[in-house]
Amino acid sequence: MKVSTPELLQFFALALNYVAVALVIPGYTDHVIGIGGSLESAAIGAAIRSVVGFFATPVLGSLSDTMGRKIVCVICFIGTFVGMIVAGTSNSIFSFQVSRVLLGLFWNANPILGAFIIDSTPKEQLESQMGTMAAACGMGYIFGVASGGFIASTFGNHVPSILAGVFNLIALFVILRVPESKVDKSNEKSKKTLKETFGGVFEFWGRPNLKNPLTSRLLQESSLAIINGTILEFARIAFAMSPSSRGFLFMWLGIVNTLLQGNMDKIVKTCFKNSEDALRKSLIATGVGSLVLPFSSDQFAFVALSTLVSASQAFLYPLSNSLLSRSVDSKEQGSLLGASESFVSLGGIVAPLITGYLLPVSIQLPFIVGSLATFVASSIFPSDISKQKKK
């Protein structure tokens with residue numbers, strides 16, 4: 001599929017956004033502890049961002065359907081830049097948590113960028129485009145975690161946050177070069193009620209054809225946040241891996257995911273019955289692998305099992321978004337993807353708290369809880385979502 005120059009810029013902005021997200025991951029807990037916090041404080045900080053994001057993301061998605069994708073992306077990048085700079089310069093838990101509020105409001109530009117790209121994508125090419133988007137995110141993630149871990153270990157755990165702000169500033173200048181979506185322009189005069197703008201999550205969740213997919217998405221993202229967060233802490237606690245080593249571990253996992261996502265369309269058509277079958281089996285494989293992972297006997301086994309668990313997750317995000325996008329027309333793409341991302345945020349509220357409070361009890365417990373959630377999520381995603389549309 002031929003990619004236009006505006007699409008290349010959109011993919012580049014998406015990758016830059018993921019660089020910023022990934023930069024802070026390896027040294028996040030160490031950063032919080034370094035300014036006087038604890039493991040629980042780090043979990044609360046992650047939950048704060050998710051709580052705020054739960055309410056903010058669907059609003060931004062809905063506004064992008066009426067105001068335009070580009071202007072909302074600009075707002076997100078500016079807000080995230082400010083939030084990252086506040087995080088990187090914080091010397092107290094209070095100011096750090098203020099930065100988490102700002103990041104909750106503006107960090108998640110991904111659904112807006114996704115809708116921006118989908119606006120010009122034929123529905124029969126959605127899965128291929130979603131795979132390309134996921135691969136762009138993966139490349140940004142690879143660079144971010146590797147450099148973030150090295151920078152945190154070498155220059156200080158606060159420095160990745162400042163650099164993340166810089167990358168958001170670069171993304172801002174990139175997106176300013178992209179023309180506004182034609183679909184957005186045709187919808188500029190369509191007004192939405194307050195309920196549609198601020199209650200998008202519940203409005204979509206109330207639709208019969210979307211209730212189960214969105215509920216599955218909530219469980220899916222909750223389980224992945226628990227599992228991946230526990231992998232990071234397991235590496236720190238069980239094997240005393242430094243932020244730099246953790247960064248390289250997640251860089252490797254990102255490389256595997258990016259290679260798989262770049263070939264997602266071909267792999268799904270060759271190895272599975274359909275997209276829904278691929279989604280279900282990926283969730284089951286993630287759950288099974290996560291039950292085995294905490295029993296790793298040494299660091300080599302841990303890395304090998306982490307790779308298998310991560311590879312099982314590669315298609316979950318793009319397939320879920322592709323299947324959901326087929327269920328609405330262009331006027332609701334931003335709203336639906338924003339609402340879906342809100343469920344990701346809701347999962348992010350629960351997951352850090354579960355991880356933070358179960359880890360001191362037993363390092364196996366978060367893996368067990370995450371695995372159970374993936375099994376439930378795999379059982380409730382309907383096979384006919386793409387055939388059901390709101391009438």
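Okay, one term before anything else: when I say helix, I mean a DSSP run of H or I with at least four residues, and the helices are numbered from the N terminus. With that in hand, here's our starting point: glutamate 233 sits in helix 12. And please keep in mind that this is a predicted model.

So, glutamate 233. Is it buried or exposed? It's buried, because its relative accessible area is 6% and the cut-off for buried is under 20%. If you skip the neighbours within four places in sequence, glutamate 233 touches Thr29, Leu39 and Leu359.

Glutamate 233 also has a salt-bridge partner, arginine 236, and their closest N and O atoms are 2.8 Å apart. The two are three residues apart in helix 12, so about one helical turn separates them. Arginine 236 comes out as partly exposed, at 23% relative accessible area.

Now, how many salt bridges does the structure hold? Five. Let me show you two others. Still in helix 12, glutamate 221 pairs with arginine 217, with 3.2 Å between the closest N and O atoms. Those two are four residues apart, about one turn of the helix, and both of them are buried.

Then hop over to helix 14, residues 264–271, where aspartate 265 and lysine 269 are also four residues apart. They form a salt bridge too, the closest N and O atoms being 3.3 Å apart. Aspartate 265 is partly exposed, with a relative accessible area of 23%, while lysine 269 counts as exposed at 63%.

Back to the end of helix 12 for a moment. Helix 12 covers 208–238, helix 13 covers 243–262, and alanine 240 is in the loop between them. Most residues other than glycine have a negative phi. Alanine 240 isn't a glycine, yet its phi is positive, about 50°. It's an exposed residue as well, with 63% relative accessible area.

Last stop: the empty spaces. There are three cavities of 30 Å³ or more, and I'd like to look at the second largest, which has a volume of about 70 Å³. Its lining includes Tyr28, His31, Met84, Phe96, Arg100 and Ser161. Which helices supply at least two residues each? Helix 2, helix 4, helix 5 and helix 8. Helix 5 gives the largest share, three residues. By type, the lining splits into seven nonpolar, four polar and one charged.

That's my tour, thanks for listening!

Key
Residues are numbered from 1 along each chain as its sequence is written. This is a predicted model: local features need pLDDT of at least 70, side-chain atom pairs count only at pLDDT 80 or more; totals for chains, interfaces and linings use all residues. Side-chain values use heavy atoms; hydrogens and water are left out. Buried means under 20% relative accessible area, exposed over 50%, partly exposed in between (1.4 Å probe, protein chains only). On a 1 Å grid over the protein atoms alone, a cavity is a set of points where a 1.4 Å probe fits but cannot get out, and a pocket is an open set with protein on both sides within 12 Å along at least five of seven lines; lining residues have an atom within 4 Å of a point. Grid points are joined across faces, edges and corners, and a volume is the space filled by probe spheres set on the points. Ala, Val, Leu, Ile, Met, Phe, Trp, Tyr, Cys and Pro count as nonpolar, Asp, Glu, Lys and Arg as charged, and the others, Gly among them, as polar. Contact means heavy atoms within 4.5 Å. A salt bridge is a side-chain nitrogen of Lys or Arg within 4 Å of a carboxyl oxygen of Asp or Glu.
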